[in-house]
2 protein chains.
Amino acid sequence: MDCCLGETPLKPIEKSPLARKLSSFVALSTNELEVLHHLHRRRRSFVAGRDLVQQGQSEQAAYILSEGWVCSYKLQPDGSRQIIDFQIPGDFLGLRSVLLRTSDHSFEPVTDIQAAEVPSDDLLAAFAQTTRLATAILWAASRDEAMVVEHLVNLGRRDADVRMAHFLLELGSRLALVGMGSQTGYDCPLTQYHLADALGLSAVHVNRVLRQLRENGLVTFRNGKVIFDDRDRLVKIAEFDPEYLDQTGPLLT
Amino acid sequence: MDCCLGETPLKPIEKSPLARKLSSFVALSTNELEVLHHLHRRRRSFVAGRDLVQQGQSEQAAYILSEGWVCSYKLQPDGSRQIIDFQIPGDFLGLRSVLLRTSDHSFEPVTDIQAAEVPSDDLLAAFAQTTRLATAILWAASRDEAMVVEHLVNLGRRDADVRMAHFLLELGSRLALVGMGSQTGYDCPLTQYHLADALGLSAVHVNRVLRQLRENGLVTFRNGKVIFDDRDRLVKIAEFDPEYLDQTGPLLT
């Protein structure tokens, strides 16, 4: 423990969102949970709206997000922004950048956040200590990529309403995995600008699509809450098949 | 060696495209090269146009592509296809699906191909044997994801001509890494339909964009060859920054 002065104590390891998430892939042993716990020791706080990691920045650490929401994005030379994904508790930020030499995109906290800083040496040491944990983290990275692939299909091949429905359902499933939502809905701090930059729509278009989904009795996103008014019908309309999220219980026992 | 009867012998390990690619990240030891070589032992041939792995298929192996080109794609319920990426020699096919329980997309050989089948147990065993190789493979997976992120930005934020220019430059850099192209150009078996499905354009639009790039003296794609007529200017127009491909030499020595 070479940091953490004056910071809030760690939660019990079995309850960290990352441990919870990885446990859906690998049944982690006490030793593996301890290695994972140890990776959480450099706790940091960041305020909303200020980049954690900037595109092109090199030699930064990865972070494990424990509280709050973050978005990852790429800025284009013309100033437009493409949001790649949102990160929620239990997600890594910049895991890829630890292995690639420079970050290929930026991370901005959507809310105030708590995250543990993980220098690349610590991560590689943890991998060497326990292959099962390394495999679980590779699983998480693979799952992150499967989500980016879905977002690619979203942009390339889905209409605005289907795109939005798919996006809200995906977030709901991800949040449920770390205990932050249910089949009925979830708290969501995103603005229409976040949704627009993620879904390749204008903010006006986002408003119109959300109104339409609400008026059709499918889903309501208002006052920081997403409520599934008719989840079954929404799943059908969105052709949402959560298989790519791979949340059906430990594969490695 | 429990397979390979009647198949072509393996090339010397130091020359396999995957070894070549991974060596740009990790300086692999003889032992690590041998573990990697061993992963190549189940050689398979597949003909062009017939899916290797289908979306939703479970318990399949991963493959290491050694010869030929493949595309990975998702079919939408309306029959439209979004190509996620193309795989070239040295790339894994379905690495993610070994860890996720079902494949979240399909793989179709663009040409006849040679690939080594890697059952998930073999891969996990190799990871347990050598952490550095596991790290190198995680690097390759991270790099694949960085490419998908670029494709997301391509679809969400770039005009058709910039999109095409970026795509052709990316392929060129990837091929050069495994010794299959140069600064002046490369052989390319893709059709206008592949380009259309990858770039979210119609085949007619692809034709028009390619003609425009050619007439502007930037790049010529004809008769299965991409020739960079003025690569520097093309890089500028595409705002192509190859940093996300992370090809600048071993990080782990």
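A residue counts as exposed here when its relative accessible area is over 50%. That cut-off comes up in the first view below, and the model throughout is a predicted one.

**View 1. B:Asn223, a loop residue with positive phi.**
Look in the loop that links β10 (219-222) and β11 (225-228) of chain B, and you'll find B:Asn223 there. With a relative accessible area of 77%, B:Asn223 is exposed because that value is over the 50% mark. Its phi sits near 50 degrees, so the sign is positive even though the residue isn't glycine. For context, most residues other than glycine have a negative phi.

**View 2. B:Glu239, just past a helix and also at positive phi.**
This one lies in the segment after α9 (231-238) of chain B. Phi of B:Glu239 is near 50 degrees, again a positive value in a non-glycine residue. Is B:Glu239 buried or exposed? Neither label fits: B:Glu239 is partly exposed, at a relative accessible area of 43%.

**View 3. Helices α5 and α6 of chain B, packed side against side.**
Here α5 (residues 131-157) and α6 (residues 160-177) of chain B have axes that come within 10 Å and cross at roughly 165 degrees. That angle makes α5(B) roughly antiparallel to α6(B). The crossing is left-handed. On the α5(B) side, the contact uses B:Arg143, B:Met147, B:Glu150, B:His151, B:Asn154 and B:Leu155. Facing them from α6(B) are B:Arg163, B:His166, B:Phe167, B:Glu170, B:Arg174 and B:Leu177. Sorted by class, the contact holds five charged, four nonpolar and three polar residues.

**View 4. Helices α4 and α5 of chain A, meeting at an oblique angle.**
The axes of α4 (residues 120-129) and α5 (residues 131-157) of chain A come within 5 Å, and they cross at roughly 125 degrees. So α4(A) is oblique to α5(A). Which residues make the contact? From α4(A) come A:Leu123, A:Phe127 and A:Gln129, and from α5(A) come A:Thr131, A:Ala134 and A:Ile137. This contact has four nonpolar and two polar residues, with no charged ones.

**View 5. Chain A as the setting for View 4.**
Zooming out a little, chain A has nine helices and 11 strands. Of its 253 residues, 60% count as buried. Chain A exposes about 10100 Å², with carbon and sulfur atoms supplying 48% of that area. Take the chain A contacts between residues at least 6 apart in sequence: 73% of them join residues at least 24 apart.

Note on methods. Residues are numbered from 1 along each chain as its sequence is written. Chains are lettered from A and ligands numbered from 1 in the order in which they are written. This is a predicted model: local features need pLDDT of at least 70, side-chain atom pairs count only at pLDDT 80 or more; totals for chains, interfaces and linings use all residues. Side-chain values use heavy atoms; hydrogens and water are left out. Axes are lines fitted to C-alpha atoms, for helices over the stretch in contact, and angles run from 0 to 180 degrees between N-to-C directions. Helices (H or I, at least four residues) and strands (E, at least two) are DSSP runs, numbered from the N terminus. Angles under 35 degrees count as roughly parallel, over 145 as roughly antiparallel, 65 to 115 as roughly perpendicular and the rest as oblique. A crossing is left-handed if the near helix is turned anticlockwise from the far one by less than a right angle, and right-handed if clockwise. Contact means heavy atoms within 4.5 Å. Ala, Val, Leu, Ile, Met, Phe, Trp, Tyr, Cys and Pro count as nonpolar, Asp, Glu, Lys and Arg as charged, and the others, Gly among them, as polar. Buried means under 20% relative accessible area, exposed over 50%, partly exposed in between (1.4 Å probe, protein chains only). Accessible areas come from the Shrake-Rupley method with a 1.4 Å probe; for residues, only the protein chains shown count as cover.
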